[in-house]
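Reader: I'm in my first year and still learning to read protein models. Could you take me closely through one part of this one, the way its helices and strands pack together?

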Amino acid sequence: MQAEILEVMRFLQDHAPFAELPEDALGNLAHQTEISYVRAGQEILNYGDPINDLYLVRSGAVETYRRSGDLYNRLDRGDTFGHFGLFMNRKVRYPVKAIEDTLLYCIPADLFDELCERYDFFSDFFESDGTDLLRQAISQQAEGNDLTTVKVKSLICREAVSVTIDTDIPQIARTMTEERVSSILVTDPDKPIAADPDDDDGQVVGIITDRDLRTRVLAQGRPLTTYAGDIMSADMVIIDDNAYVFEAMLTMLRQNVHHLPIVHRSKPIGVIALSDIVQHESQNSLLFVRSILSQSCIEDLAELSQQLPNVFLRMVNEDANSHMIGSAMAVIGRAFKQRLLELAEEKFGPPPVPYCFLALGSMARDEQLIVTDQDNAIILDNGFEPDKHDEYFRQLAEFVCDGLAQCGYKYCDGGIMAKNPEWRLTVKQWQQQFSDWIENPSPKALLHSSIFFDLDGVYGKQKWAKQLSNFVSKKAKQSPKFLAYLARNSLNRTPPLGFFKGFVMEQDGEHKNSINLKRRGTAPLSDVIRVHALAIGSRAQNSFERLDDIKDSKLLPPGKARDLSDALEYIAMVRIRHQALDIENAIEPDNNIEPDNLSTFERRNLKEAFQVLDKAQAFLKFRYQSGRPVDVR
């Protein structure tokens with residue numbers, strides 16, 4: 001081997017992520033690496049120019065700049081640059097200039113792509129500098145990346161690669177090598193596609209990645225005769241091809257996965273990786289979630305939470321709709337809970353029995369905004385024994401709830417928190433509790449139903465949350481008496497309209513002459529939608545997704561589901577813009593608006609939205625009368 005190539009190899013072996021490459025891959029990399037010398041003051045990369053290499057600084061120093069000309073970063077020996085442009089359609093995103101005489105190693109773009117595909121740790125390094133992609137959130141992102149209209153199927157660049165469940169290790173490896181993929185789907189030809197897509201995702205039964213081959217085969221010394229079904233990840237996350245890019249991004253963040261299979265009518269059509277959606281994702285919210293998950297203590301999390309209003313404000317200023325903002329804020333809230341639970345387990349040790357930590361209310365519905373408190377609970381394994389195990393979960397719950405309070409998620413005034421032993425129940429106890437609320441709909445039971453029936457698993461045995469939600473969905477649909485009581489309870493919060501349809505405002509107190517848009521607008525709309533959703537057995541949690549199911553069920557007169565959706569979106573966006581304006585003016589955001597501060601156009605549309613709510617509540621009273629069967633055609 002030439003001395004020059006040996007020198008390149010030795011340098012690569014001393015710097016991440018190259019040091020982790022196998023020797024053959026490292027040797028191939030050294031052979032293909034070219035050397036470039038630039039003088040101090042020389043421009044290396046110009047914004048918008050084509051880029052064909054990843055650059056590694058061998059000696060000297062360079063500076064990278066924002067598009068505006070402001071200094072972005074200063075790099076020296078062992079640092080890399082250019083990966084952002086390679087991820088972003090082979091165009092330079094950050095100009096680079098040498099500030100000293102500099103020697104560069106230039107790695108061809110095709111080889112960089114190949115290494116990213118073959119080695120998860122290699123792509124992770126640059127994608128988390130995709131926390132540099134992400135660290136500096138692209139304010140200069142390419143125009144036209146509208147996350148609300150771009151479908152995830154547009155990111156698929158090749159057909160899905162798969163093997164059957166009885167394929168052995170050598171064939172799996174050969175297929176992945178020949179197809180140049182870092183992950184492969186596993187299918188079961190004998191598995192039918194069920195009528196209910198919530199219970200079955202068709203023939204796709206698992207996924208295998210390069211990491212699985214290393215950790216589940218090589219590291220464990222399994223024989224090469226091992227089958228795909230023995231090493232695959234069966235609890236994979238799948239998304240429909242009609243989902244939007246922002247939904248794919250939030251799914252990957254929420255589930256902490258790097259590969260996302262895409263299905264069309266339950267059939268796999270492709271797999272996308274995190275790097276595939278870098279150019280489409282909301283950079284700032286993604287960076288924020290990554291930052292949350294990397295904090296090492298509550299104090300650091302609390303300090304980081306001070307940035308949350310700015311993250312919210314940026315999404316508003318980028319004209320995101322209420323569904324996007326609510327989903328992103330809910331993912332951020334879940335991330336705080338997940339990291340606190342990880343820290344709790346580090347402090348108190350592993351749990352004595354399995355559990356699932358629940359998010360409730362707006363976080364579970366993906367409708368959380370900047371002004372919120374914490375509603376949460378715990379599902380415990382049926383093997384839970386209070387005398388032996390409750391002290392552990394008491395400490396864990398107090399740690400998490402107190403940590404959330406430090407991070408700005410206020411304690412629930414009604415005590416709906418896991419630190420309250422009343423809301424730490426086993427799977428069987430939760431089913432009994434929900435059955436009791438449905439069968440005996442007292443005022444207290446109805447209040448709890450409106451909170452707990454919107455639930456989502458955040459950490460631990462998350463499938464228990466889905467099972468519990470499905471249990472509620474089936475039982476409530478078969479209980480017309482409960483639906484009638486829940487409908488009547490949903491009329492307690494009415495829209496702020498007087499007899500002549502003028503605004504009725506708070507008469508006294510801190511918010512005199514204002515309207516609480518949550519209490520008098522979005523909350524009662526969510527209540528109405530929840531009743532209809534339970535009546536048709538919808539398994540959706542988000543109000544907009546529930547309305548899609550309601551529309552398909554023909555439960556409402558034609559056009560009424562769309563009216564409800566429009567009203568919810570308008571009131572939510574007035575509320576969101578009001579909170580954003582408070583943040584900009586250094587005022588603590590709230591849910592109260594003063595109609596006099598709205599334009600004539602805004603006041604007219606707000607009244608129209610409240611009238612939609614008024615009519616929806618009148619229909620609710622008519623539709624769900626006590627003892628009357630609910631006819632859903």
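Author: Happy to; what follows goes through some helix pairs and two sheets, with a word on confidence first.

This is a predicted model, in which local features need pLDDT of at least 70 and side-chain atom pairs count only at pLDDT 80 or more, while totals for chains, interfaces and linings use all residues. Residues are numbered from 1 along each chain as its sequence is written, and side-chain values use heavy atoms, with hydrogens and water left out.

The score pLDDT is the predictor's confidence in each residue, from 0 to 100. The protein chain averages 84, and 88% of the residues score at least 70. Helices (H or I, at least four residues) and strands (E, at least two) are DSSP runs, numbered from the N terminus. Among these elements, helix 10 (residues 283-293) has the lowest mean pLDDT, 73, and strand 16 (residues 376-380) has the highest, 97. Please be careful with two stretches: pLDDT stays under 50 over residues 195-202, and also over residues 279-283. The model has 13 contacts beyond four places in sequence for residues 195-202, and 25 for residues 279-283; contact means heavy atoms within 4.5 Å.

Now to the helix pairs. Two packed helices are described by the angle between their axes and the distance between the axes. Axes are lines fitted to C-alpha atoms, for helices over the stretch in contact, and angles run from 0 to 180 degrees between N-to-C directions. Angles under 35 degrees count as roughly parallel, over 145 as roughly antiparallel, 65 to 115 as roughly perpendicular and the rest as oblique.

Start with helix 1 (residues 3-13) and helix 2 (residues 23-32), whose axes come within 9 Å and cross at roughly 125°. That angle makes helix 1 oblique to helix 2. The crossing of helix 1 with helix 2 is right-handed; a crossing is left-handed if the near helix is turned anticlockwise from the far one by less than a right angle, and right-handed if clockwise. Ile5, Val8, Met9, Leu12 and Gln13 from helix 1 meet Leu26, Gly27, Leu29, Ala30 and His31 from helix 2. By class, this contact of helix 1 with helix 2 holds seven nonpolar, three polar and no charged residues. Here Ala, Val, Leu, Ile, Met, Phe, Trp, Tyr, Cys and Pro count as nonpolar, Asp, Glu, Lys and Arg as charged, and the others, Gly among them, as polar.

Next come helix 9 (residues 245-255) and helix 13 (residues 322-348), with axes that come within 10 Å and cross at roughly 5°. Helix 9 is therefore roughly parallel to helix 13. On the helix 9 side, Phe246, Glu247, Leu250, Leu253 and Arg254 take part, and their partners in helix 13 include His323, Met324 and Ser327. The contact of helix 9 with helix 13 divides into six nonpolar, three polar and three charged residues.

Helix 9 also leads us to a sheet: it lies across strand 12, strand 13 and strand 14, running at about 135° to strand 13. Strands of a sheet pair through backbone hydrogen bonds, either parallel or antiparallel. These three strands form an open sheet in the order 12-13-14, with mixed pairing. Strand 12 (239-240) and strand 14 (267-273) are at the edges, each with a single partner strand, so one side of each has no neighbour in the sheet. Strand 12 pairs with strand 13 (residues 259-264) in the parallel sense over two bridges; two strands pair if DSSP finds at least two bridges between them. Asp240 stands opposite Val263 in strand 13.

The other sheet is also open and has three strands, in the order 9-10-11, with mixed pairing. Its edges are strand 9 (162-164) and strand 11 (204-209), each with a single partner strand, so one side of each is left without a neighbour in the sheet. Strand 9 and strand 10 (residues 183-187) pair in the parallel sense over three bridges, and Thr164 stands opposite Thr187 in strand 10. Helix 6 (residues 169-179) lies across strand 9, strand 10 and strand 11, at about 130° to strand 10.
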